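Reader: Please take me through this model, beginning with a strand pairing and ending with a helix.

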Amino acid sequence: WDLRGKSVLEWGGGCSTAWWADRVGPTGRVTTVECNWYSEWWPRLQEMAATYPWVALHNLPIEDYQRAVDGEARGLLLPGQAPQWDIVIVDGQPTHLRTNCLRSALLLPRPITIICDNFMQDRVYDDKDAAVMMAPYPGELHIQADHTDHDGHGWQTAIWRLP
């Protein structure tokens with residue numbers, strides 16, 4: 001994907017943060033939001049992102065994370081700026097907030113691409129309400145046969161491109 005100059009919002013970061021940063025390049029922006037209840041991951045994420053000045057990391061307490069997901073505190077992510085994202089990634093902890101992340105992404109200005117890792121995958125993120133909510137939107141489900149869960153099913157990534 002040629003994503004130079006694009007803006008990415010990640011709900012949950014990791015190796016993907018560097019992957020997105022490489023693709024958007026210095027003319028783009030990656031904003032990654034972590035919930036601080038998963039604190040052992042934070043130092044590693046900071047280290048990975050340190051070489052990318054166009055990556056902004058946010059480590060929020062669960063209350064602020066919830067408020068940011070629900071759109072009540074977008075100023076926590078981009079102070080003084082209206083958010084405009086080209087791509088929203090939903091791949092973080094706590095997984096019980098992923099449906100809220102999807103709902104929030106649907107309210108953002110379009111065009112937008114929404115990507116949800118582990119969508120409708122047992123033991124990771126399997127929320128029937130999310131499946132019903134996203135059903136009206138054309139999307140693709142990519143299954144990674146070479147990367148399986150505890151039950152031997154391929155990991156699933158859902159992608160919706162909304163014009």
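**Strands and a helix**

Reader: Which residue in β2 stands opposite Ser7?

Author: This is a predicted model, in which local features need pLDDT of at least 70 and side-chain atom pairs count only at pLDDT 80 or more, while totals for chains, interfaces and linings use all residues. Residues are numbered from 1 along each chain as its sequence is written, and side-chain values use heavy atoms, leaving out hydrogens and water. Strands (DSSP runs of E, at least two residues, numbered from the N terminus) β1 (residues 7-11) and β2 (residues 29-35) pair in the parallel sense over five bridges, pairing requiring at least two DSSP bridges. Opposite Ser7, in β2, stands Arg29.

Reader: Which strands form the edges of the sheet?

Author: The sheet is open, with seven strands in the order β3-β2-β1-β4-β5-β7-β6 and mixed pairing. An edge strand pairs on one side only, which is the case for β3 (55-60) and β6 (139-148).

Reader: Why do the buried residues of α1 line one face of the helix?

Author: In helix α1 (residues 15-24), the buried residues are Thr17, Ala18, Trp20, Ala21 and Val24; helices are DSSP runs of H or I, at least four residues, and buried means under 20% relative accessible area with a 1.4 Å probe, protein chains only. An α-helix has 3.6 residues a turn, so residues three or four places apart point the same way. Seen down the axis of α1, the directions from that axis to the C-beta atoms of its buried residues line one face because they fall within an arc of 165°.

Reader: What phi does Gly25 take, just after α1?

Author: Gly25 directly follows α1. Its phi is positive, at about 65°.

Definitions and conventions. Buried < 20%, exposed > 50% of the residue type's maximum accessible area, 1.4 Å probe, protein only.
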